[in-house]
Amino acid sequence: MEDIMKLLEGRRTYRRFKQHPVPKEVLDEILMAARLASSAANRQPLGYVVVQNEEKVKEVFSHTRWAGALPPELGQPREGERPVLFIGVVENTDINPDCDTDAGLAIANMTLAAWNRGVGSCIIGACNKEKLSELFGLSEKQKLHTVVAFGYPSHASRIVDLDQGGDCRYYLDEKKDYVVPKRRLSDIVKYL
């Protein structure tokens with residue numbers, strides 16, 4: 001149980017990456033983790049688009065926005081620190097037109113499986129879904145939910161306790177590592 005808690009604590013959002021490809025066996029584990037996620041009524045409405053070709057990755061990146069809590073010069077990955085892999089999470093609306101919970105479960109599984117192998121991730125909803133849907137060749141019965149960026153992180157990320165009423169926005173420390181304030185358990189749980 002201690003191992004899973006360490007894995008959960010370390011699986012933060014990473015926004016700067018080393019330029020090393022994610023090996024096929026790690027990618028296969030990430031995709032299998034998505035497949036294994038629970039699904040409402042076991043309808044399994046999700047599909048995935050894997051983008052790992054360098055030129056296509058650049059094209060996907062051009063349609064994404066990063067780190068909204070930071071100024072662009074600090075939050076947007078620069079050339080040489082961008083992700084090496086994107087996975088588009090696609091809803092098949094003819095199976096289930098509202099599958100946010102399914103998508104959340106699949107994304108959590110993917111990012112945890114990735115982090116278990118040292119691969120960081122960034123879940124990106126701030127993207128041009130129309131352009132990406134076109135790039136991914138989606139049909140009218142498919143809807144892009146999210147894209148997830150992957151790569152080996154070139155920075156650290158850590159959690160700190162948030163004082164009640166404090167600012168919950170993440171920030172960069174003096175080493176340009178991410179610091180993520182989290183509300184304390186006692187501030188978010190009520191027992192009856």
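This report describes helix α5, its packing, the nonpolar cores and one loop residue in a predicted model.

## Basis of the model

Local features are reported only where pLDDT is at least 70 and side-chain atom pairs only at pLDDT 80 or more, whereas totals for chains, interfaces and linings use all residues. Residues are numbered from 1 along each chain as its sequence is written, and side-chain values use heavy atoms, with hydrogens and water left out.

## Helix α5

Helix α5 (helices being DSSP runs of H or I with at least four residues, and strands runs of E with at least two, numbered from the N terminus) covers residues 100-116. Its 17 residues reach 24 Å from the first C-alpha to the last, close to the 24 Å expected at 1.5 Å a residue, where the expected span is 1.5 Å times one less than the number of residues. Just after α5, G118 takes a positive phi of about 85°.

The buried residues of α5 (buried meaning under 20% relative accessible area, exposed over 50% and partly exposed in between, with a 1.4 Å probe and protein chains only) include D102, A106, M110 and A114. The buried residues of this helix pack against α1, α2, β1, β2, β3 and β4, contact meaning heavy atoms within 4.5 Å.

## Crossing of α1 and α5

The axes of α1 (residues 2-10) and α5 come within 10 Å and cross at roughly 105°; axes are lines fitted to C-alpha atoms, for helices over the stretch in contact, and angles run from 0 to 180 degrees between N-to-C directions. The two helices are therefore roughly perpendicular to each other, a class that spans 65 to 115 degrees, with under 35 roughly parallel, over 145 roughly antiparallel and the rest oblique. L7, L8 and G10 of α1 meet L112, W115 and N116 of α5 in this contact.

## Nonpolar cores

A nonpolar core is a set of buried Ala, Val, Leu, Ile, Met, Phe, Trp, Tyr and Cys residues joined through side-chain atoms within 4.5 Å. In the largest one, which has 21 residues, M110 and F150 touch the most other members. At least two residues each come from α2, β2, α5 and β4, and α5 supplies the largest share, five residues.

Leaving aside residues up to four places away in sequence, F150 touches, among others, F17, I30, M110 and A114.

## Loop residue A69

A69 is found in the loop between α3 and α4, and at 33% relative accessibility it counts as partly exposed. Although A69 and R169 are 100 residues apart in sequence, their C-alpha atoms are 6.3 Å apart in space.
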